[in-house]
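Welcome! Let's take a short walk through this structure together, one helix at a time.

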Amino acid sequence: MLFRSLPSLYYLLAALHADGRRPSNPDDLARFIVRRQAPNGGFVDLRVPDKQPVDTETHIAHTYHAVASLKLLNVAVPNSDRCIAFAQKCQVTPQTTQLDDSFGTGGFLFDPDVTRPGNYPDVYYTFAGLQVLPLLDAAPALLQVGWPSLGARRVVSVVPVPFKT
């Protein structure tokens with residue numbers, strides 16, 4: 001079985017898990033996922049089989065899909081310390097220098113080291129960041145979120161997707 005997309009693989013594994021079933025080739029799937037980890041610890045959704053993942057292509061959503069998939073496969077996340085550091089660095093803090101103050105703090109970028117268009121705090125990226133960190137037994141770098149015009153809001157709880165293994 002050949003996959004080319006981390007999100008579709010995650011949703012397939014989650015559906016199998018919800019139905020009480022397991023994939024017939026978990027080792028192949030784990031290898032597929034692990035090969036998509038970049039040196040910085042984040043994951044890349046490579047669509048080309050022989051391409052190597054690079055730091056400038058990592059994405060918080062792909063990292064979430066990869067980590068959640070590995071958890072469903074009962075496989076340890078390799079380089080988890082670097083993966084945690086990548087995810088925490090995606091969160092916008094007062095020290096984030098690439099954005100102006102209008103973006104506030106607390107949300108997540110898709111990659112903290114990329115300056116291409118679209119890399120700004122987003123609900124989906126923030127969802128992925130808040131989901132992946134508990135799966136790695138880590139917490140967000142900043143638990144205070146808010147925008148200057150709205151005042152600060154406090155994150156009351158972060159509820160990770162429950163995994164029963």
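We will look at two helices and what surrounds them. Keep in mind that this is a predicted model.

A good place to begin is helix α1, which covers residues 6–18. With 13 residues at 1.5 Å a residue, α1 should span 18 Å, and its end C-alpha atoms are indeed 18 Å apart, so the expected and modelled lengths agree. Just after this helix comes Gly 20, which has a positive phi near 75 degrees.

Now bring in α2, made of residues 26–34. Two packed helices are described by the angle between their axes and the distance between the axes. For α1 and α2, the angle is about 145 degrees and the axes lie 11 Å apart. The crossing of α1 past α2 is left-handed. Where they meet, α1 brings Leu 6, Leu 9 and Leu 13, while α2 brings Leu 29, Phe 32 and Ile 33. The residues of this contact are 6 nonpolar, with no polar and no charged ones.

Which residues of α1 are buried? They are Leu 6, Pro 7, Leu 9, Tyr 10, Leu 13 and Leu 16. Their cover includes α2 and also α3, residues 60–72.

That leads us to α3, which is mostly covered, with 12 of its 13 residues buried. Among them are Ile 60, His 62, Tyr 64, His 65 and Leu 72. The cover over the buried residues of α3 includes α1, α2, α4 (80–90) and α5 (123–135). At 1.5 Å a residue, the 13 residues of α3 should span 18 Å, which agrees with the 18 Å between its end C-alpha atoms. Following α3 is Asn 74, with a positive phi near 60 degrees.

Notes: Residues numbered from 1 in each chain as written. Predicted model: local features only at pLDDT ≥ 70, side-chain atom pairs only at ≥ 80, totals over all residues. Heavy atoms only, no water. Axes fitted to C-alpha atoms, helices over the stretch in contact; angles between N-to-C directions. Helix = DSSP H or I, 4+ residues; strand = E, 2+ residues; numbered from the N terminus. Left-handed = near helix turned anticlockwise from the far one by under 90°. Contact = heavy atoms within 4.5 Å. Nonpolar A, V, L, I, M, F, W, Y, C, P; charged D, E, K, R; others polar. Expected span 1.5 Å × (residues − 1). Buried < 20%, exposed > 50% of the residue type's maximum accessible area, 1.4 Å probe, protein only.
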